[in-house]
Amino acid sequence: MTKIECYTENCEYNLCNKCNAEMVNFDDKGNCLTKQKRAGGVLAQSFADIEAGEDFSLANFSSDIKCENEGCCYNCSCSCNNDNIKVDDGLLKTNCVSKQKRRK
């Protein structure tokens with residue numbers, strides 16, 4: 001189980017910069033396929049974080065990670081073995097920013 005620091009602006013699973021999805025999928029380029037946009041958008045995200053409060057921000061969530069990125073050194077049989085990853089919005093997609101190229 002992996003802890004995910006999530007810095008997306010608009011995702012149902014992001015609360016207080018922590019991903020609370022039980023299973024997260026990344027494609028071969030490291031794009032998050034699990035992201036679900038919130039009804040109400042970024043403003044709803046802000047309200048959800050405020051409602052969650054400080055106690056919730058201290059909670060430890062962990063997720064199973066399925067990753068199709070064969071070039072990442074953390075990928076082991078389509079499963080991420082990094083204990084703590086970061087996810088953030090890119091130009092067009094939400095990406096795993098913790099991925100590292102496998103050394104040859």
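**Figure 1. Lining of the largest cavity in the predicted model.** Strands E1 and E4 each supply at least two residues of the lining of the largest cavity, in a structure that is a predicted model. The lining comprises 14 residues, and Cys-6, Cys-11, Cys-19, Cys-32 and Val-87 lie nearest the centre of the cavity. By class, nine of the lining residues are nonpolar, four are polar and one is charged. The space enclosed by this largest cavity is about 90 Å³. The count of cavities of 30 Å³ or more comes to two.

**Figure 2. The second largest cavity.** This cavity holds about 70 Å³ of space. Among the residues that line the second largest cavity are the aromatic side chains of Phe-26 and Tyr-74, together with Ile-65 and Ile-85. The cysteines Cys-67, Cys-72, Cys-80 and Cys-96 also belong to the lining, as do Gly-30, Asn-69 and Lys-99. Eight residues of this lining are nonpolar, two are polar and one is charged.

**Figure 3. The largest nonpolar core.** The core contains 13 residues. Those with the most contacts inside the core are Ile-4, Cys-19, Val-24, Phe-26, Ile-65, Ile-85 and Val-87. Two or more residues of this core come from each of strand E1 (3–6), strand E4 (23–26), strand E5 (64–67) and strand E8 (84–89). Beyond residues up to four places away in sequence, Cys-19 touches Ile-4, Cys-6, Tyr-13, Val-24, Phe-61 and Ser-63.

**Figure 4. Strand E1 and its pairing with E8.** In a regular strand the side chains alternate between the two faces of the sheet. The covered face of E1 carries Ile-4 and Cys-6, whereas Lys-3 and Glu-5 lie on the uncovered face. E1 and E8 pair in the parallel sense over four bridges, and Glu-5 stands opposite Lys-86 in E8.

**Figure 5. Surroundings of Lys-3.** Lys-3 lies in strand E1 and is partly exposed, with a relative accessible area of 40%. Leaving aside neighbours within four places in sequence, Lys-3 is in contact with Asn-60, Phe-61, Asp-83, Asn-84 and Ile-85. One of these partners, Asp-83, is 80 residues from Lys-3 in sequence, yet the two C-alpha atoms are 6.2 Å apart in space.

**Figure 6. Strand E4 and its pairing with E5.** Side chains alternate along E4: Val-24 and Phe-26 point to one face and are buried, while Met-23 and Asn-25 point to the other face and are not buried. The pairing of E4 with E5 is parallel and spans four bridges. Within this pair, Asn-25 stands opposite Lys-66 in E5.

**Figure 7. Two residues with positive phi.** Asn-17 has a positive phi of about 60° although it is not a glycine. This residue is placed in the loop between strand E2 (14–15) and strand E3 (18–19). With a relative accessible area of 33%, Asn-17 is partly exposed. Ser-77, likewise a residue other than glycine, has a positive phi near 55°. Ser-77 occupies the loop between strand E6 (75–76) and strand E7 (79–80). Its relative accessible area is 72%, over the 50% cut-off, so Ser-77 counts as exposed.

**Figure 8. Asn-81 in the loop between E7 and E8.** Asn-81 is found in the loop that links E7 and E8 and is partly exposed, with a relative accessible area of 46%. Apart from neighbours within four places in sequence, the contacts of Asn-81 are with Cys-73, Tyr-74 and Cys-76. Cys-11 is 70 residues from Asn-81 in sequence, and the two C-alpha atoms are 23 Å apart in space.

**Figure 9. Lys-99 in the segment after E9.** Lys-99 is located in the segment after strand E9 (94–96). The relative accessibility of Lys-99 is 35%, and the residue counts as partly exposed. Leaving aside neighbours within four places in sequence, Lys-99 is in contact with Lys-29, Gly-30, Asn-69 and Cys-72. Of these contacts, Gly-30, Asn-69 and Cys-72 also appear with Lys-99 in the lining of the second largest cavity. The C-alpha atoms of Lys-99 and Ala-52 are separated by 29 Å, and the two residues are 47 residues apart along the chain.

Note on methods:
Residues are numbered from 1 along each chain as its sequence is written. Side-chain values use heavy atoms; hydrogens and water are left out. A nonpolar core is a set of buried Ala, Val, Leu, Ile, Met, Phe, Trp, Tyr and Cys residues joined through side-chain atoms within 4.5 Å. Buried means under 20% relative accessible area, exposed over 50%, partly exposed in between (1.4 Å probe, protein chains only). Contact means heavy atoms within 4.5 Å. On a 1 Å grid over the protein atoms alone, a cavity is a set of points where a 1.4 Å probe fits but cannot get out, and a pocket is an open set with protein on both sides within 12 Å along at least five of seven lines; lining residues have an atom within 4 Å of a point. Grid points are joined across faces, edges and corners, and a volume is the space filled by probe spheres set on the points. Ala, Val, Leu, Ile, Met, Phe, Trp, Tyr, Cys and Pro count as nonpolar, Asp, Glu, Lys and Arg as charged, and the others, Gly among them, as polar. Two strands pair if DSSP finds at least two bridges between them.
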